[in-house]
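Colleague: I'd like a close look at a single part of this model. Could you walk me through that part once it's on the screen?

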Amino acid sequence: MLFSFGVILTLAGCFETPEEREARQTQFNGKTLQEVEARIGEAYKRTSQQAIWKHSYTSRQAVPIYAYLNGQQTVVGYRYQTVTHSCTFTALLKGRKIVSSDYQGNDCRRYAPKLEA
């Protein structure tokens, strides 16, 4: 299942206004491909009209199991689940400059870094 960029940031613990989210999502628009690659790494695939960055990895996460003991909710163990983290960042190019960008996935922090002050 793919999440919207806003959901990704919320799940990552980032609480941003819609304006801040939009600024982060479009921070590379108007930049050259060289500037963006210097910041987030080399594109996975490039054509004259777009550049694509991709990543995917899995991790195991512990999910607590709760039970009531003496009237209080208590963690009594954990179950483990495998989670796949992924992101595809696509930048549309005009010349060597990015004119628009799109994020798809559930872990796009690598390609949407915190804005520099």
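Colleague: How many bridges join E3 to strand E4, and do the two run parallel or antiparallel? Take me along E3 and whatever goes with it, please.

Modeller: Sure, and keep in mind that this is a predicted model. Strands E3 and E4 (residues 97-105) run antiparallel, with 8 bridges joining them. One spot to find on screen is Cys-87, which stands opposite Gly-105 in E4. The two strands make a hairpin with 2 residues between them, and Gly-95 in that turn has a positive phi of about 70 degrees.

Now go to the loop between strand E2 (50-69) and strand E3 (72-94), where Asn-70 sits. Its phi is near 55 degrees, a positive value in a residue other than glycine. Most residues other than glycine have a negative phi. Asn-70 counts as exposed because its relative accessibility is 84%, over the 50% cut-off.

Back on E3, let's turn to the aromatics. The model has 4 aromatic pairs by the ring-centre rule. One of them is Phe-89 with Tyr-111: the ring centres are 6.4 Å apart and the planes are at 25 degrees, so the pair is stacked. This pair links distant parts of the chain, as Phe-89 is in strand E3 and Tyr-111 is in the segment after E4, 22 residues apart. Phe-89 is buried, with a relative accessible area of 0%, and Tyr-111 is buried too, at 3%. Both belong to one aromatic cluster, together with Phe-28, Trp-53 and Tyr-103.

Definitions and conventions: Residues are numbered from 1 along each chain as its sequence is written. This is a predicted model: local features need pLDDT of at least 70, side-chain atom pairs count only at pLDDT 80 or more; totals for chains, interfaces and linings use all residues. Side-chain values use heavy atoms; hydrogens and water are left out. Helices (H or I, at least four residues) and strands (E, at least two) are DSSP runs, numbered from the N terminus. Buried means under 20% relative accessible area, exposed over 50%, partly exposed in between (1.4 Å probe, protein chains only). Two strands pair if DSSP finds at least two bridges between them. Rings of Phe, Tyr and Trp (its six-membered ring) pair if their centres lie within 6.5 Å; planes under 30 degrees apart count as stacked, over 60 as edge-to-face and the rest as tilted.
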